[in-house]
Amino acid sequence: MEPENTMENNELRTTLNDDAYSDDDAYGYDSGEDLEDHKEGKISDSSDSDSEGSSDGETITATGLECLNPKKIKAKRGLTRLSKMKNAYTNSGGKKRRVKFDAYGRFSGRYNSEFISFLGDLVRENVGLSVFNWKHVSKELRDKLWALITCYYEVDEGRRKYVMNRLGMLLRSFRNKLYEKDILPNLGKPNKLAKIPRRYRTIIRNQEHWDDFVAYTQSDQYKAVSGKSKTARSMSIYNHRLGRGGYARLEQKLVESKVIDAATMPSRSLLWYKARENKAGEIEDEAAKAIAEEMMETEKKITDGQLKLDPGNDAVTVVLGKEKCGSLRGVGTGVNPSKFFNVPRQRGSMKQQLDVLQAQLEKEKQENVEKDEQINALNERMAENEKNRSNVN
């Protein structure tokens, strides 16, 4: 089953499993969690007061692609919601669904979970196993994906980079799941490994791509990368129970159930706690439960003024330690410490937002002044040294 031009294929498809799974983000677009937004028929609801866009049912994008008309497309069976999305688009008279982003830049709003599912279906059908590394997806294909996304959803152009990054995560999740469920159990069974899994035959249509993928997962290169990822993943011992909507969707649920006020940004400790509860409101894992309770006790001390912390710290950092690599627990993908701790705790507080921006500008000004002083001092020392050398000569 060794593919032709193995070296070329491995160079092109370098890292299949290049990042460890994040303990605090859900990219499992076909997970069993959070399905209330994806039940049969709900995706085709056309009575959307929050949807705006073209009404002619046909949108021409910058790349020249047209939104597909589902009435002209033969329906295909398989693990996909794309045909439902196309039908919903047509039934609504060509209205796009608006994708919203919260204060941290994460997907939010009514269509949060649906949009992530759409992205997952889109990337695995259009990219699939054709490349092993998202970085090697061509510009033309990325433009096509963006054009298809903006056919059905209203997404600000400035959010394109974030959406593209999420596509890469979803693609990696799909391939990892494919390896764990369809290749790993069949190692040593060449007859089974030679066949594309039945449930994915409408998505993986190229036998050569499947053969290359199977061969790559047996290579030393893959095993080395996979081993590092497994080691990193094993350090995430307090796993959440979130679905595809992640922490952004959890916040929405907490507001809807009146656990938190819509005007207040919830603490990380509360989100961390709630993300590990089951449907009965209990944390089954005893170790995670002990950590969650310690976080809530620490949060109470902070709120009551019994515990004073430096900026950039909260109950989560007190209990679990400060995060590394610029990521944060309990908030999801794409939220770094600077973004999280600089967002006002009250949503919509313009005064607080202006105060934060003003403080950032003042800090930048001060840093620039200090840099200028250092440069001037260095120039003076260089001039003095040059003068001394001239005198010696």
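**Exercise 1. What percentage of the 393 residues of the protein count as buried?**

Solution. The model is a predicted one, and in it 42% of the 393 residues count as buried. To set this value in context, turn next to the surface, where the protein exposes about 22100 Å², with carbon and sulfur atoms supplying 50% of that area. The fold itself is made up of 14 helices and four strands, and among contacts with a separation of 6 or more, 71% are between residues 24 or more positions apart.

**Exercise 2. Find where Arg97 and Glu114 lie, and decide whether each is buried or exposed.**

Solution. Begin with the pairing, since the side chains of Arg97 and Glu114 meet in a salt bridge with an N to O distance of 2.6 Å. This pair links distant parts of the chain, for Arg97 belongs to strand 1 (residues 97-98) while Glu114 belongs to helix 3 (residues 112-126), 17 residues apart. Then apply the cut-off: a residue is buried when its relative accessible area is under 20%. Arg97 has 5% relative accessibility and therefore counts as buried, and Glu114, with a relative accessible area of 7%, is buried as well.

**Exercise 3. Describe the salt bridge between Asp304 and Lys300, and state how far apart the two residues are in helix 11.**

Solution. The closest N and O atoms of Asp304 and Lys300 are 2.8 Å apart. Because the two residues are four residues apart in helix 11, about one helical turn separates them. As for accessibility, Asp304 is partly exposed, with a relative accessible area of 42%, whereas Lys300 is exposed, with 53%. Elsewhere, Arg268, Asp314, Glu323 and Arg329 are joined into one network by salt bridges that share partners, and a search of the whole structure finds 15 salt bridges.

**Exercise 4. Determine which residues form a negative surface patch, and place Glu294 within the fold.**

Solution. The patch is formed by Asp285, Glu286, Glu293, Glu294 and Glu297. Of these residues, Glu294 lies in helix 11, which covers residues 286-304, and its relative accessible area of 39% makes Glu294 partly exposed.

**Exercise 5. Explain what is notable about the phi of Lys258, and locate this residue.**

Solution. Start from the general rule that most residues other than glycine have a negative phi. The phi of Lys258, by contrast, is positive, near 60 degrees. Lys258 sits in the loop between helix 9 (246-256) and helix 10 (268-274), and at 72% relative accessibility Lys258 counts as exposed.

Notes. Residues are numbered from 1 along each chain as its sequence is written. This is a predicted model: local features need pLDDT of at least 70, side-chain atom pairs count only at pLDDT 80 or more; totals for chains, interfaces and linings use all residues. Side-chain values use heavy atoms; hydrogens and water are left out. Patches are made of residues with over 30% relative accessible area and no salt bridge: like charges are joined within 9 Å, nonpolar side chains (Val, Leu, Ile, Met, Phe, Trp, Tyr) within 5 Å. Accessible areas come from the Shrake-Rupley method with a 1.4 Å probe; for residues, only the protein chains shown count as cover. A salt bridge is a side-chain nitrogen of Lys or Arg within 4 Å of a carboxyl oxygen of Asp or Glu. Lys and Arg count as positive and Asp and Glu as negative; His and the chain ends are not counted. The place of a charge is taken as NZ of Lys, CZ of Arg, CG of Asp or CD of Glu. Buried means under 20% relative accessible area, exposed over 50%, partly exposed in between (1.4 Å probe, protein chains only). Contact means heavy atoms within 4.5 Å.
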